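Please walk me through this structure, part by part. I have not seen it before.

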Amino acid sequence: MQAKNGDNVKVHYTGKLVNGEQFDSSAGREPLGFTVGAGQMIKGFDAAIPGMVVGDKKTINIPAAEAYGEKDPSAIIEFPKEHVPAEMVLEPGMPLTLSNQQGQPVPVIVVEVKEDVIILDANHFLAGQELIFDIELVEING
C-alpha cells in the first residue's frame, strides 16, 4: 500500500543542514506521526511521502521556501533594554522567549546588545536554510 494524502503515517527521520550539521532526529524516540497533506508538516517534507510504501527510505532536499521560508526582515525586533531585568546578562546567540499580544510564547535569538536596545531575531531558527531529511516510512493507517 502506497501512502497518499489523508493517510495517517509514522516516519523516522533525521534532519540536517547542507553543511551536514544535524538539527533534529527521531532516532531513539517514537516515530513521528502525522496526516499526509494536512499541513501539519513543512511543505517539502509532506510532499515527499505520497507514493512511499512501508520500509521505503529516501533522502530529500527541501529549499528554504518549502521548509521554514526565507528570513523575514520584519521579524528582527528592537527591544527596549529597560524592559529587561537588570541582573539578566544577554549575549549574542542567546535564546530567549517573549510573549506576543495573545500571551503565546515567541522564541527569539539575541543578535546584538546595544546601549538602550537589544536586537532580537524572531525568525524560526531554520528560516532561510535548505534542509536535508533522511526519511523512513514505518507505518500507514489509511
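Which residues line the largest pocket? The model is a predicted one, and in it the lining consists of Tyr 13, Phe 23, Asp 24, Leu 32, Gln 40, Met 41, Ile 42, Phe 45, Tyr 68, Phe 125, Leu 126 and Phe 133. By character, these lining residues divide into 10 nonpolar, 1 polar and 1 charged. The space in this largest pocket comes to about 170 Å³. As background, empty space left between atoms shows up when a probe the size of a water molecule is rolled over them.

The next part is a sheet. It is open and built from 4 strands, in the order β5-β8-β7-β6, with antiparallel pairing. Its edge strands are β5, residues 76-80, and β6, residues 95-99, each of which pairs on one side only. On average, neighbouring strands of this sheet are turned by 45° against each other, with direction ignored.

The pairings can be followed from the edge strand β6 inward. Strand β6 runs antiparallel to β7, residues 105-113, and 5 bridges join the two. Along this pairing, Thr 97 has Pro 107 of β7 as its bridge partner, and Leu 96 stands opposite Val 108 in β7. The two strands β6 and β7 form a hairpin with 5 residues between them, and in the turn Gly 103 has a positive phi of about 85°.

Strand β7 is also joined to β8, residues 117-121, by 4 bridges, and this pair runs antiparallel. Here Ile 109 stands opposite Asp 121 in β8. Strands β7 and β8 form a hairpin as well, with 3 residues between them.

Methods
Residues numbered from 1 in each chain as written. Predicted model: local features only at pLDDT ≥ 70, side-chain atom pairs only at ≥ 80, totals over all residues. Heavy atoms only, no water. 1 Å grid on protein atoms, 1.4 Å probe; cavity = no way out; pocket = protein on both sides within 12 Å on 5 of 7 lines; lining within 4 Å. Points joined across faces, edges and corners; volume = space filled by probe spheres on them. Nonpolar A, V, L, I, M, F, W, Y, C, P; charged D, E, K, R; others polar. Pairing = 2+ DSSP bridges. Axes fitted to C-alpha atoms, helices over the stretch in contact; angles between N-to-C directions.
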